[in-house]
Number of protein chains: 2
Amino acid sequence: MEKGIMRFSDKVGFISAGSVVGKCEFEGPIGDCFDIHDKSDKFGMNTWEKAESEMQRLALNTAMAKAGLSEGDIDALFAGDLLNQCVGSSYGLVDFDIPYFGLYGACSTAAEGLILGAMGVSAGHFERAAAVTSSHNSSAERQYRMPIEYGAQRSPTAQWTVTGSGAFIIGNCGGVRISEALGGIVVDKGIKDASNMGAAMAPAAVDTLTRYFSVSGSSPEDFDLILSGDLGAEGGSILCELMLTSGYDIKGRYNDCGMIIYDRGAQDMHSGGSGCGCSAVVLAAYILPKLMRGELSDILFLGTGAMMSPASVQQGQSIPAVAHLVRLKKPL
Amino acid sequence: MEKGIMRFSDKVGFISAGSVVGKCEFEGPIGDCFDIHDKSDKFGMNTWEKAESEMQRLALNTAMAKAGLSEGDIDALFAGDLLNQCVGSSYGLVDFDIPYFGLYGACSTAAEGLILGAMGVSAGHFERAAAVTSSHNSSAERQYRMPIEYGAQRSPTAQWTVTGSGAFIIGNCGGVRISEALGGIVVDKGIKDASNMGAAMAPAAVDTLTRYFSVSGSSPEDFDLILSGDLGAEGGSILCELMLTSGYDIKGRYNDCGMIIYDRGAQDMHSGGSGCGCSAVVLAAYILPKLMRGELSDILFLGTGAMMSPASVQQGQSIPAVAHLVRLKKPL
């Protein structure tokens, strides 16, 4: 094996995917692509946290329904979210009688779940595995910053936590392939501004991406698209700049899920979308179909996560970040 | 494959382990077994959260030093803890340039990390992987209940969160083997008392254990020891009773890491120890050496976790729980 790069068997890929979003995401430029939306953001629940759990349940149910699968057909769940103790996932998926592996990778969790699910399927431990993640703007705001009812002003570099949940079912199939992965190293470059997570996460993305190019001997030109999860406008431009100083010009083929999901001008989303749900729903609803149709053939998806907590920020610590890479290819 | 049981290659096992604990754990009946302790519980830091991170750093360093390994020799970290956003792990392990997969399985995280690490090693993706977890009594009390300075009275069924961190290095070696695993299903039987987590977790342990016996065709008599992570006095007796009603008498060979680590009478630890660190340090310092010396030859280790959050309890939700099973064998 090339040091660090995980290579999966040829058939490992996506059987199906489901996406569930809230109001702002549905009103964004790719709103029509999502499977389910609720303009109240509540999904019939009486707290934001329960609404987030309900999105996960709906996302997984949708993915299973699309593939005609029931819970007995899935051997493992890899799931996580941004809420304390990841209760979005544990409560959201409690109704499914499927072994549950809880993850915490902040906004990188979708990529982390894809890697671990693909690893289990490729090794033959699971016939099928599911990766599920979510975030909810209102539950995240009150946990990380302020309850939205306070109407606090947001910084220009701040990102908007996506209300959404994406679920992926991974198996040996003829769908879009998960061909390789590279785990992210936790990187802390001293950023302390919790309203500028793009800047905190960009160095982690640079670390993973340069390691991948260097170990695999590939270059940006080998890929149709290099897609980060939620670096936003600020983090994305830092990434492109830092990559250029490392000798890799990615600008022409780079995009970010947080920039795709909203119309920043019309929707006033400052630096773009973020959250565990951001990369999950954009990948599920917008990118995978492009790979399936052959409009994209070989892409690098970088799940990016900022690993601080409100307590660690209050204690004056800087923000560590991680970026997990997954290489996705169109069907054989 | 037998449905759900993950079987690893014969050589997958523990290269080394490290354990770090605080004052109460050092003063307990197996205090002499731990590698490092600090009677101030502070480990040279000025907050409890930073102390917890420092324990993880020390535990992994100790495990690496015992095996003569440096960070370049380890291909993946699987780590988690009980703090919001798992900052005990992300800050504790940020100094290691090793790909990092964050986990949240509450107190089951040690078992979850062993399973995923063994999966990656067995499949050939990693030459060596490390699993690291921690908990700290003072950081957990103030996050989940009250700052310890308030001196709140504790319920008789309450458990004492262990101050400790355990690190395991997994690889192809001649050590104690990780032979099989079975992922836990999230089970919620309606318990709402956050001071009685043993009762909330016992049904999850019953679910995993009965599934294992039924699928593998084995019975309690096939094992020297059935060891749960932190069911405590209350949860342990519920487990034995429920197993008996399912037709499995485990009482004679059952024990719990939370009951091993403290002298409940002399130390006034109510229902026993708990926390991500509890099962990790007891396994690392007390159980693995017994397997290594052949005093135990074939055991089932059940990592148990309660997946609620303070917010979910305040919102009136009951406590979901999970139990991951790992089968450990003495060296070949």
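Before anything else, a definition: helices and strands here are DSSP runs, a helix having at least four residues and a strand at least two, and they are numbered from the N terminus. With that in hand, A:C86 can be placed in the loop between β4 (76–81) and α3 of chain A. What you have in front of you is a predicted model.

Let me stay with A:C86 for a moment. Its phi is near 50 degrees, which is a positive value in a residue other than glycine. Is A:C86 buried or exposed? A:C86 is buried, because its relative accessible area is 3%, and the cut-off for buried is under 20%.

Chain B offers another case of that kind. B:H270 also has a phi near 50 degrees, positive in a residue other than glycine. B:H270 sits in the loop between α9 (264–267) and β12 (273–274) of chain B. Its relative accessibility is 22%, so B:H270 counts as partly exposed.

Next, the two chains together. How many residues of chain A are in contact with chain B? There are 60, and they touch 60 residues of chain B. The size of an interface is often given as the accessible area lost when the parts come together. For chain A and chain B, the buried area is about 4800 Å², and carbon and sulfur atoms give 62% of it. On the chain A side, the residues that lose the most area to chain B are A:Q85, A:Y91 and A:H125, together 17% of what that side buries.

As for polar interactions, the count of salt bridges between chain A and chain B is zero. There are, however, 24 residue pairs in polar contact between the two chains, counting pairs with both residues at pLDDT 80 or more.

Which elements of chain A supply that side? Those giving two or more residues include β1 (5–7), α2 (48–67), α3 (87–92), β5 (100–102) and α4 (109–122). Further along chain A, α5 (137–144), α11 (310–314) and β14 (321–329) also belong to that list. The most comes from α4(A), with five residues. By residue type, the chain A side divides into 31 nonpolar, 18 polar and eleven charged residues.

Two of those helices deserve a closer look. The first is α2(A). Its 20 residues, at 1.5 Å a residue, should span 28 Å, and the end C-alpha atoms are 29 Å apart, which agrees. The helix is mostly covered, with 15 of its 20 residues buried. After α2(A) comes A:G68, whose phi is positive, near 65 degrees.

The second is α5(A). Seven of its eight residues are buried, so this helix is largely enclosed by the rest of the structure. Which residues are they? The buried ones are A:N137, A:S138, A:S139, A:A140, A:E141, A:Q143 and A:Y144. They pack against α2, β6 (128–135), β7 (160–161) and α11 of chain A.

Over to chain B, and a single residue. B:L114 is part of helix α4 (residues 109–122) of chain B. B:L114 is buried, and its relative accessible area is 0%. What does B:L114 contact, leaving aside its neighbours within four places in sequence? The partners are B:F14, B:A131, B:F168, B:I170, B:I178, B:L283 and B:F301. B:L114 and B:I169 are 55 residues apart in sequence, while their C-alpha atoms are 9.1 Å apart in space.

Last, salt bridges. Over all chains, a search of the whole structure finds 24. One of them joins the side chains of A:D35 and A:K66, at 3.0 Å from N to O. A:D35 is in the loop between α1 (23–26) and β3 (36–37) of chain A, and A:K66 is in helix α2 of chain A, so the pair ties together parts 31 residues apart in sequence. A:D35 counts as partly exposed, at 32% relative accessibility.

In chain B, the side chains of B:K66 and B:D35 meet in a salt bridge, at 3.0 Å from N to O. Here B:K66 lies in helix α2 (residues 48–66) of chain B and B:D35 in the loop between α1 (23–26) and β3 (36–37) of chain B, so parts 31 residues apart in sequence are tied together.

Another salt bridge joins the side chains of B:R145 and B:E141, at 3.2 Å from N to O. B:R145 counts as partly exposed at 36% relative accessibility, whereas B:E141, at 11%, counts as buried. Finally, in chain A, salt bridges that share partners join A:R7, A:E180, A:D298 and A:R327 into one network.

Methods:
Residues are numbered from 1 along each chain as its sequence is written. Chains are lettered from A and ligands numbered from 1 in the order in which they are written. This is a predicted model: local features need pLDDT of at least 70, side-chain atom pairs count only at pLDDT 80 or more; totals for chains, interfaces and linings use all residues. Side-chain values use heavy atoms; hydrogens and water are left out. Contact means heavy atoms within 4.5 Å. Buried area is the accessible area (1.4 Å probe) that two parts lose on being put together, summed over both. A salt bridge is a side-chain nitrogen of Lys or Arg within 4 Å of a carboxyl oxygen of Asp or Glu. A polar contact is a pair of N or O atoms within 3.5 Å; within protein, one must be able to donate a hydrogen and the other to accept it, and residues adjacent in sequence count only if both atoms are side-chain atoms. Ala, Val, Leu, Ile, Met, Phe, Trp, Tyr, Cys and Pro count as nonpolar, Asp, Glu, Lys and Arg as charged, and the others, Gly among them, as polar. The expected span of a helix is 1.5 Å times one less than its number of residues. Buried means under 20% relative accessible area, exposed over 50%, partly exposed in between (1.4 Å probe, protein chains only).
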